[in-house]
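Open the model in your viewer and keep the selection tool ready. The tour moves from helix packing to the ligand.

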Amino acid sequence: MASGTLRAPDGRMYIRKSMLEEFSFCPYKFKRVWVDGLEKRPNQAMLIGTRFHDFAEKFFDYCLGVDPDRWDEFIPAQFISDEASMAKWFIERERDRYYELEDAKRLEEFMPITREDTMTSNILLLTSTVDRVDWFNKEKNLISIVEYKTGKSLNEESLIRQLAFYTLLWNDVRRKGIVANLQLVNPRLRIIRNFNVQQWHLDKAMRDISKLRAAMKTGDYPRKCSDVKLAFCRLCSPSECGFWKNIHDVDIKSRFDNNFTFTKHREGIL
Ligand code: SF4
């Protein structure tokens, strides 16, 4: 069992957003990580993502004490050029947002309502940490759930599921304001994308959570792979994923599997 998992008194596990994403990607991968406790070593992309999240969170601790035209000075000298350029883009967006709200005489909406907020529902048995929640329109009591992503591509279905997951938690735990908007901020792709929260998004997220609970009950975690997933994930060999079916491939297959297993040992996966 993975460390740090939260359990109810009856033994049921609290589901995190990352668990649901792992399960949707591949139920077998979910099992390896969350049931068998396989440790994932952070790669460079994950470390950059974590550092950006830290930067974006701390930015709001200090920004109101400094003239917005000097916010670029917050960019840490230790950032590599990729990180510095993401931070610069983020600051430019926040500066624009600040001046727009100031012009609209709604500057009190600039500061997020909450950041890096861990919410735990003892009714739904869900837990997760939301990156940020902003006012969408304070007068109308509408809020916007904000998610930072630093990946090089965008999976809209996964993103909406994650934001719907937060919405379910927010509606159950915080109940401050009505979630009217889901916002993606990706400083690497230089994208801000807004989605309307619709009831079917929440229904679908609940259905996905139920499927995960059912799998946890039965212990049924089938492999759900593709050549792209295999290249990205590499927890199984190609033959384990059923990619070697032709008799002429047998020799190549055994050589590949041997090499693959060796690589996994070297990387500490096995
Ligand atoms: S390699 Fe494929 S089947 Fe194995 S855990 Fe990863 S995605 Fe699932």
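Here are the stops, in order.

This is a predicted model: local features need pLDDT of at least 70, side-chain atom pairs count only at pLDDT 80 or more, and totals for chains, interfaces and linings use all residues. Residues are numbered from 1 along each chain as its sequence is written.

**Stop 1: H1 and H2.** Select helix H1, residues 17-25, and helix H2, residues 27-35. Helices are DSSP runs of H or I, at least four residues, numbered from the N terminus. The axes of H1 and H2 lie 5 Å apart, at about 135°. That makes the pair oblique (neither under 35 degrees, nor over 145, nor 65 to 115). Axes are lines fitted to C-alpha atoms over the stretch in contact, and angles run from 0 to 180 degrees between N-to-C directions. Now show Met19, Glu22, Phe23 and Phe25 of H1; they meet Pro27, Lys29, Phe30, Val33 and Trp34 of H2. Contact means C-beta atoms, placed from the backbone, within 7 Å.

**Stop 2: H1 and H6.** Add helix H6, residues 199-218. The axes of H1 and H6 are 10 Å apart, at about 80°. H1 and H6 are therefore roughly perpendicular. Select Met19, Leu20, Phe23 and Ser24 in H1, which meet Asp208, Ile209, Leu212 and Ala215 in H6.

**Stop 3: the ligand.** Which residues are around the ligand? Select Cys26, Tyr28, Lys29, Arg223, Cys225, Lys229, Leu230, Cys233, Leu235, Cys236 and Cys241 (C-beta atom, placed from the backbone, within 6 Å). Helix H7, 227-233, and H2 each supply at least two shell residues. H7 gives the most, with 3. Color by domain last: domain 1 (15-218) and domain 2 (227-266) both contribute to the shell, so the ligand lies between them. Those bounds come from an automatic or database domain assignment.

Definitions and conventions:
Contact = placed C-beta atoms within 7 Å.
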